[in-house]
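The exercises below are to be worked with the sequence and the model at hand. Each task is followed by a solution in steps.

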Amino acid sequence: MARQYPWLLAPVPWSPAQEWIRGYHDGLPLLSYGCAPQHLLATRRQLRAKGKRPNGSDPVALLYLLHKPSKKLVFAIYLIALAAPVRPMTPAKYSALAKANLARRICRSCGKDPLYILPTSTKQCWPCFEAEHATDTTEIGAA
Ligand SMILES: [Zn+2]
């Protein structure tokens with residue numbers, strides 16, 4: 001492994017000085033776990049945890065993790081400085097969500113909107129559920 005990934009002092013996009021990297025992979029500086037400066041660089045998932053997204057920027061490095069001696073995981077690394085905040089909810093998204101919620105509120109028996117989310121098990125408003133339940137009870141009682 002040491003032979004495969006020799007330390008290399010190279011110019012990198014995240015530092016004005018040359019930094020130690022583990023060579024190149026696909027033309028990008030290769031970093032081993034622990035040598036990436038976490039205040040400057042992040043994986044897509046780490047960006048997401050910070051409420052950010054790559055914003056169309058290309059990865060500036062690759063980070064590799066040795067899962068097992070034979071298995072290597074490689075992550076794209078982005079510059080945190082180039083990341084943008086995750087998009088806030090747009091009006092279109094709000095209305096799509098409102099529509100989805102409305103669909104979940106329509107009673108399957110009377111077709112009315114009781115103004116609350118219906119139980120997914122019954123998809124009925126309470127008056128209809130009670131009416132149906134009362135009918136069942138009556139039938140059982142009559143039998
Ligand atoms: Zn109903």
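Accessible areas here come from the Shrake-Rupley method with a 1.4 Å probe. The model is a predicted one.

**Exercise 1. Surface and burial**

Task: State how much area the protein chain exposes, which atoms supply 60% of it, and what share of the residues is buried.

Solution.
- Step 1. The exposed area of the protein chain is about 10200 Å².
- Step 2. Carbon and sulfur atoms supply 60% of that area.
- Step 3. A residue is counted as buried under 20% relative accessible area. Of the 143 residues in the protein chain, 25% are buried.

**Exercise 2. Elements and overall form**

Task: List the elements of the protein chain in order, and decide whether the chain is a compact globule or more spread out.

Solution.
- Step 1. The protein chain has three helices and nine strands.
- Step 2. Read from the N terminus, the order is β-β-β-β-β-α-β-β-β-β-α-α.
- Step 3. For 143 residues the globule rule gives 15 Å, and the radius of gyration of the protein chain is 28 Å, well over that value, so the chain is more spread out than a compact globule.
- Step 4. Along the principal axes, the C-alpha atoms fill a box of roughly 85 × 40 × 20 Å.
- Step 5. For contacts between residues at least 6 apart in sequence, 42% join residues at least 24 apart.

**Exercise 3. The surroundings of Val12**

Task: Place Val12 in its element, classify it as buried or exposed, and name the residues that it touches beyond four places in sequence.

Solution.
- Step 1. Val12 belongs to strand β1, which covers residues 8-12.
- Step 2. The relative accessibility of Val12 is 8%, so Val12 counts as buried.
- Step 3. With residues up to four places away in sequence left out, Val12 touches Ala17, Glu19, Ile21 and Pro29.
- Step 4. Val60 lies 48 residues from Val12 along the chain, and their C-alpha atoms are separated by 8.3 Å.

**Exercise 4. The largest pocket**

Task: Give the volume of the largest pocket and describe its lining by residue, element and class.

Solution.
- Step 1. The largest pocket holds about 250 Å³ of space.
- Step 2. Its lining has 15 residues, and those closest to the centre are Tyr33, Gln38, Thr43, Gln46 and Leu63.
- Step 3. Two or more lining residues come from each of β5 (41-43), α1 (44-49), β7 (61-66) and β8 (72-79).
- Step 4. By class, eight of the lining residues are nonpolar, four are polar and three are charged.

**Exercise 5. Two residues with positive phi**

Task: For Asp26 and Leu115, give phi, the loop and the exposure class.

Solution.
- Step 1. Asp26 is not a glycine, yet its phi is positive, at about 55°.
- Step 2. Asp26 sits in the loop between β3 (24-25) and β4 (28-32). Its relative accessibility is 69%, so Asp26 counts as exposed.
- Step 3. Leu115, also not a glycine, has a positive phi of about 70°.
- Step 4. Leu115 sits in the loop between α2 (91-105) and α3 (126-142). Leu115 is exposed, because its relative accessible area is 68%.

**Exercise 6. Cys110**

Task: Locate Cys110, give its exposure class, and name its contacts beyond four places in sequence.

Solution.
- Step 1. Cys110 is in the loop between α2 and α3.
- Step 2. Cys110 has 33% relative accessibility and therefore counts as partly exposed.
- Step 3. Apart from neighbours within four places in sequence, Cys110 contacts Cys125 and Cys128.
- Step 4. Ile21 is 89 residues from Cys110 along the chain, and the two C-alpha atoms are separated by 67 Å.

How values were computed. Residues numbered from 1 in each chain as written. Predicted model: local features only at pLDDT ≥ 70, side-chain atom pairs only at ≥ 80, totals over all residues. Heavy atoms only, no water. Helix = DSSP H or I, 4+ residues; strand = E, 2+ residues; numbered from the N terminus. Buried < 20%, exposed > 50% of the residue type's maximum accessible area, 1.4 Å probe, protein only. Contact = heavy atoms within 4.5 Å. 1 Å grid on protein atoms, 1.4 Å probe; cavity = no way out; pocket = protein on both sides within 12 Å on 5 of 7 lines; lining within 4 Å. Points joined across faces, edges and corners; volume = space filled by probe spheres on them. Nonpolar A, V, L, I, M, F, W, Y, C, P; charged D, E, K, R; others polar. Rg over C-alpha atoms; globule rule 2.2 N^0.38 Å.
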